[in-house]
Amino acid sequence: MEIFVQQLINGLTLGSIYGLIAIGYTMVFGIIGMVNFAHGDVFMLSAFIALIFFLILTTWLGISSVVLALFFVLIIAMVLTSLWGWAIERIAYRPLRGSFRLAPLISAIGVSIFLSNFVQVAQGARNKPTPPMVQDVIVLFQGESGYNVALSYKQIIIMVVTAVLLSIFWYVVQKTSLGRAQRACEQDRKMAALLGINVDRTISLTFVIGASLAAVAGTMYLLYYGVVSFNDGFVPGVKAFTAAVLGGIGSLPGAVLGGLIIGLIETFWSAYFSIEYKDVAAFSILAIVLIFMPSGILGRPEVEKV
Amino acid sequence: MNAPSITTAGQTQAVTRAFDLGAALKDSLKTALIMLGLSIPILAYKTDQSGADLFLTPRWGLVAIICAIVFGMRLVLHAFTASRAYRQATPSSHQATEPVHAEPSAFQHVSKFAIPFFLGVALCFPVIIYLIQGGLNESRYWVDLGILILTYVMLGWGLNIVVGLAGLLDLGYVAFYAVGAYSYALLSTTFGLSFWICLPLAGILAAFWGMILGFPVLRLRGDYLAIVTLAFGEIVRLVLINWVDLTNGGAGISSIPRATFFGIPFTAGEGGFAQTFGLEFNGMHRIIFLYYLILVLALITNFVTMRLRKLPVGRAWEALREDEIACRSLGINTTNTKLTAFAIGAMFGGFAGSFFAVRQGFVSPESFNFLESAIILAIVVLGGMGSQIGVAIAAIVLVGGPEILRNLTFLQAIFGSGFDPNEYRLLLFGAGMVAMMVWRPRGLISEREPSVILKERKAISGSLVKEGHG
């Protein structure tokens, strides 16, 4: 029972990180129908940006309050990662509109390889541990065998930040003109263009939003695990993509739901079955969902137009 | 950085407008500023570790150099687009206007001589190297490099069947390579079977796995297919790592038996290769034998592919690549067509895998990660999907290129003694894949010969070939 509650907390924390990344996949797929394979590496890059700025703020500028430092780090990482997202779309994806169908995916694989090796060359191949940021825990209750069920401040910060940013983002997509333009482009790009929506700009902004949410995920990842390396983008990226597919690709609540489910499955799988095969479980879910349930939980079935 | 807006503006106004230096400078400055923004934390500060603590080393000089390079490149690009727009506005009289032209194209002229030339070089390679280096032992490095390149040529040709001909993007090709390698490693170490029995077995097993993995993904198309094959490839690798009883886990299988010359081992003693043929013993005999072995395997792959393209199944593959729905309405069994493509592609992957195992004498799961799949895919994509000679050239450039760069000492003089081009190899691979998709989505050799010829040969321009809808 204690283990179950503890794993539930851990799973939800991990799931919120996956959910944040998954939104980037699902939005891009919704609007231009491509799998942005490089999104996982954008996430990794943002974790590095956050790490470097955390070090700058704490050691050079002498900000002693960790929460304040984290707040600034979050904002800077979001801005700079958005710039990366924008630049990637501009260089690698925009020229390919109207090219053959697999071209954007191949280009995205190229960007993914480029980004992870760029970080490796620029920052070195070793794991980068951060100084511990937030360490306090709240003991929720103590089990009979002396097993403490703990909720750490880290986990609270991650869940609160995720919830707040998701609601801001939800407001943007549902209520603002940008969100309307985005949803219009998703339904019919040509028609949206005819009605005077700047489609290129809307697509760019989609990438920017996706990248900034990935930056939130990256900062939270760094806070949670305290270590990051250049090849940390691939596996979380694939898992987040699994989450997006499971929730129904193109559906925003689906991405968050899928993220939480994947996070829970992963932690419970590690706790009750085998930790070695946890990635196999995630990859198998991806294959099974794509084969048997390609429209996911909340997605609309894809209609094939000839 | 690419800017379509400039190109289109240039095309409409280029006749009257000269190169606008002011605007170009302004735009280049903007690009350089964006580059500065991109490089601020990640390039400007390097995180180094001393003990348990990380500290930052500023590298603003590097950032300045890179921004300057980006600025310069952007300016050159502006000048180039302006001049190209001018040229396009005044077309030359020789410019081909129709994409299908009856007389053989320049590529066909070249390929008539290039293919026998490449084949000749490949056949005589060890001899040439022997003469240049002046000794068997001295030529070892180059023959090893030749083997490596040919392995990738073979893998590229194998994947070309799936990606280039059938239009199914397979990101898990390395799984079949792994199946082949582990088949030989396990069969030979457990049952003591010889390489010549294991080679066909490995191919059959890999083809079998191709069918097993191909079967569930038949309904998927395009991106989804690619992602599921990626997942399968990763699952195979993770199982190889974790199934310690069978595969010895991450430690891998070592002391795999060496290849024999059709039963005669390459040993120094009684009954060895050197003694049987009355030669002086030299370890290089085995290496040269391996070179010819992989050359023959690669040529078989090529030959089979070329023949298959002319068979109904090969034509069905290409039809499937062009349009799956049309294919189905013409009565082609897409299930069988896709499965044969997967199985045959996988079979050649399996052959290459068992060659890899016999050459290395050691296999471990780390040799079969996603990056390997991506490299093979990069070879196929850069070579021009569907073009055999293009794949071979791409393999030589992508695999041999970095090795040659490493030996150029003047590069070390420029970039410092710690410069290792291999570090930048994958960086360039990634950038190359993007550049290729942007500028030449059909690959280096985009023009291809039609598989079936009616009356006379015609070259089909790559821009007419619409593929990848499967």
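The radius of gyration used here is taken over C-alpha atoms, and the rule for a globule is 2.2 Å times the number of residues to the power 0.38. For the 306 residues of chain A in this predicted model, a compact globule should come out near 19 Å, and chain A has 19 Å, so the two agree. Laid along the principal axes, the C-alpha atoms of chain A fill a box of roughly 65 × 50 × 40 Å. Eleven helices and four strands make up the count of elements in chain A. Buried residues account for 53% of the chain. Long-range pairs also show up in the contacts: of those in chain A that join residues at least 6 apart in sequence, 75% link residues at least 24 apart.

Helix α1 of chain A is a handy place to start looking. This helix covers residues 2-32, and at 1.5 Å a residue its 31 residues should span 45 Å. The C-alpha atoms at its ends are in fact 45 Å apart in the model, which agrees. Burial tells another part of the story: 22 of the 31 residues of α1(A) are buried, so the helix is largely enclosed by the rest of the structure. Right after α1(A) comes A:Gly33, with a positive phi near 65°.

Further along chain A, two helices pack against each other. Helix α9 (residues 234-247) and helix α11 (residues 278-292) of chain A have axes that come within 9 Å and cross at roughly 35°. The crossing of α9(A) past α11(A) is left-handed. On the α9(A) side, the residues that meet α11(A) are A:Val235, A:Val238, A:Lys239, A:Thr242, A:Val245 and A:Leu246. Their counterparts in α11(A) are A:Asp279, A:Ala282, A:Ile285, A:Leu286, A:Val289 and A:Leu290.

Both of these helices turn up again where the chains touch. Chain A puts 54 residues into the contact and chain B puts in 53. On the chain A side, the elements giving two or more residues are α2 (39-60), α3 (66-93), α4 (103-123), α9 and α11. The largest share of that side, 15 residues, comes from α4(A). For the model as a whole, the scores are ipTM 0.84 and pTM 0.85.

Turning to chain B, the average pLDDT is 79, and 81% of the residues score at least 70. Two stretches fall well outside that group. Over residues 1-16 of chain B, pLDDT stays under 50, and the model gives this stretch 21 contacts beyond four places in sequence. Residues 463-470 of chain B are also below 50, with 22 contacts beyond near neighbours in sequence. Where pLDDT is low, the predicted coordinates should not be read in detail.

The backbone of chain B has a couple of quirks as well. Most residues other than glycine have a negative phi. B:Asn248 is not a glycine, yet its phi is positive, about 65°. B:Ser255, likewise not a glycine, has a positive phi of about 50°. B:Asn248 sits in the loop between α9 (244-247) and α10 (273-276) of chain B, and B:Ser255 lies in the loop between α9 and α10 too. As for their surroundings, B:Asn248 has 18 other C-beta atoms within 10 Å, so this residue counts as partly exposed. B:Ser255 has 10 such atoms within 10 Å and is therefore exposed, given that the cut-off for exposed is 12 or fewer.

Conventions: Residues are numbered from 1 along each chain as its sequence is written. Chains are lettered from A and ligands numbered from 1 in the order in which they are written. This is a predicted model: local features need pLDDT of at least 70, side-chain atom pairs count only at pLDDT 80 or more; totals for chains, interfaces and linings use all residues. The expected span of a helix is 1.5 Å times one less than its number of residues. A residue is buried if 20 or more other C-beta atoms lie within 10 Å of its own, exposed if 12 or fewer, and partly exposed in between; C-beta atoms are placed from the backbone. Two residues are in contact if their C-beta atoms, placed from the backbone, lie within 7 Å. pLDDT is the predictor's confidence in each residue, from 0 to 100. Axes are lines fitted to C-alpha atoms, for helices over the stretch in contact, and angles run from 0 to 180 degrees between N-to-C directions. A crossing is left-handed if the near helix is turned anticlockwise from the far one by less than a right angle, and right-handed if clockwise.
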